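User: Please take a close look at the enclosed spaces of this model and at the residues packed around them. Keep it brisk, and tie each space to its surroundings.

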Amino acid sequence: MPGTPGMPAGRASETMKGEVHVSQMLYDRTAARASRAVLTGYSTSFGLGSRLLGSVARRDIDAVYGLVRVADEVVDTRRGEGADALLTGLEEETARALASGYSTNLVVHSFARTARRTGIGHAEIDPFFASMRMDLTVQVHDKASYEQYVHGSAEVVGLMCLAVFLNAGRRPGEPVVRADAAVLRGAQGLGAAFQKINFLRDLRTDHEELGRSYFPGITPADLTQEDVDAILAEIGSDLDAARAALPSLPRRARMAVAATLALYDSLLGRLSSTAPEELLRARVRVPDPVKLVVAARAAARESLRRDVPVTSSRSARFADPRGAL
């Protein structure tokens with residue numbers, strides 16, 4: 001290869017490689033900023049918790065949230081004619097980026113970089129897109145479709161976040177870290193609880209605007225206190241699993257998850273004290289100033305807890321305790 005005038009060919013080649021590397025880093029950083037913009041634009045609770053993470057884990061959580069949010073917008077905001085094709089296109093682009101490490105879609109590019117580094121793969125991604133597609137075809141869920149939907153839309157997202165937490169310090173060439181079954185169940189429980197809380201407070205919007213009913217056997221228009229109590233008990237069980245796994249997380253991740261758990265506990269308390277008919281009139285929320293205080297207190301308490309060694313092993317893939325991944 002001919003060199004740059006006045007420069008040996010070998011040195012010119014090294015210079016070109018250096019320029020390509022710098023350009024790639026710029027593209028990667030730009031993609032990461034795009035994912036961060038998605039998170040800050042859509043979620044205060046998730047964003048508050050992520051601020052407690054280290055820079056690498058925070059970037060990777062941004063990437064996971066960015067892809068999940070964009071897919072959710074396709075089925076919730078775009079919906080209608082052409083939504084299925086758009087979702088399929090996003091899924092296919094994600095698969096290509098997972099294989100190649102590159103995408104012209106900045107949010108997908110950011111996610112693919114995170115997925116390849118932390119061990120997230122089709123075992124998590126495919127169920128997620130399957131659940132998103134259910135939002136275009138299923139309006140009333142039975143027990144089986146409800147469990148399938150929650151697994152793909154929420155539990156696997158919890159597993160993705162766990163992958164980020166455990167591999168924040170992973171260096172190139174090192175094997176992926178995976179947690180034991182109890183910690184995996186906790187991550188799934190955390191994702192499921194958050195999703196079900198959102199189902200409960202979005203009952204009116206989901207039913208009246210989107211025509212959906214997620215909780216099996218429950219008609220939103222005829223919601224009773226008994227229905228609400230059953231849902232709250234289900235959420236409580238999920239949160240118990242999440243709390244049991246909390247001590248095994250790395251310290252910064254533990255603080256972030258504890259803060260987010262506290263925020264949703266606060267929201268859950270408001271939901272439990274709201275009459276069923278009121279749940280159908282307005283969306284229950286926690287004011288932002290209250291969120292800040294709740295998150296700060298939870299993070300401070302968790303920072304005083306002694307670190308517990310993570311029960312984990314190193315592997316090239318994650319294992320799902322249910323055998324599905």
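Analyst: Contact here means heavy atoms within 4.5 Å. The model is a predicted one.

First, the setting. The protein chain has 13 helices and two strands. Of its 325 residues, 49% are buried. Among contacts with a separation of 6 or more, 73% join residues 24 or more positions apart. The chain exposes about 15,500 Å², and carbon and sulfur atoms supply 55% of that area.

Now the enclosed spaces. How many cavities of 30 Å³ or more are there? The count is two.

Take the largest cavity. Its volume is about 50 Å³. Its lining consists of Phe199, Leu203, Asp206, Arg212, Ser213, Tyr214, Phe215, Ile218 and Pro220. By class, that lining holds six nonpolar residues, one polar and two charged.

Phe215 is one of these lining residues, and it deserves a closer look. Phe215 sits in the loop between α9 (203-209) and α10 (225-245). Is Phe215 buried or exposed? Phe215 counts as buried because its relative accessibility is 5%, and the cut-off for buried is under 20%. Setting aside residues up to four places away in sequence, Phe215 touches Tyr146, Lys196, Phe199, Leu200, Leu203 and Ile231. Phe199 and Leu203 appear in the cavity lining as well. Leu203 is 12 residues from Phe215 along the chain, and the C-alpha atoms of the two are separated by 9.5 Å.

Next, the second largest cavity. Its volume is about 40 Å³. Lining it are Asp28, Ala31, Ala32, Arg59, Asp60, Ser110, Arg113 and Thr114. The elements that give two or more residues to this lining are α1 (9-42), α3 (55-78) and α5 (106-118). Four of the lining residues are charged, two are polar and two are nonpolar.

Ser103 brings in another loop, the one between α4 (83-100) and α5. Helix α5 also gives residues to the lining of the second largest cavity. Why does Ser103 count as buried? Its relative accessibility is 1%, and buried means under 20%. A polar atom of the Ser103 side chain lies 3.0 Å from the backbone nitrogen of Asn105. Beyond its neighbours within four places in sequence, Ser103 is in contact with Tyr27, Glu93, Ala97, Val108 and His109.

Finally, an open space for comparison: the second largest pocket. This pocket has a volume of about 150 Å³. Its lining is made up of Arg36, Leu39, Thr40, Ser43, Thr44, Gly47, Leu48, Arg51, Asp288, Lys291 and Leu292. Which elements give two or more residues to this lining? They are α1, α2 (45-50) and α13 (288-303). By class, the pocket lining divides into three nonpolar, four polar and four charged residues.

Helix α1 links two of these spaces. It gives two or more residues to the lining of the second largest cavity, and it does so for the second largest pocket too.

To recap the two loop residues: Phe215 is buried at 5% relative accessibility, and Ser103 is buried at 1%. Phe215 lines the largest cavity. For Ser103, the features to inspect are the 3.0 Å approach to the backbone nitrogen of Asn105 and the contacts with residues including Tyr27 and His109.

Key:
Residues numbered from 1 in each chain as written. Predicted model: local features only at pLDDT ≥ 70, side-chain atom pairs only at ≥ 80, totals over all residues. Heavy atoms only, no water. Helix = DSSP H or I, 4+ residues; strand = E, 2+ residues; numbered from the N terminus. Buried < 20%, exposed > 50% of the residue type's maximum accessible area, 1.4 Å probe, protein only. Areas by Shrake-Rupley, 256 points an atom, 1.4 Å probe, with all protein chains shown as cover. 1 Å grid on protein atoms, 1.4 Å probe; cavity = no way out; pocket = protein on both sides within 12 Å on 5 of 7 lines; lining within 4 Å. Points joined across faces, edges and corners; volume = space filled by probe spheres on them. Nonpolar A, V, L, I, M, F, W, Y, C, P; charged D, E, K, R; others polar. Polar contact = N/O pair within 3.5 Å; in protein donor to acceptor, adjacent residues only side chain to side chain.
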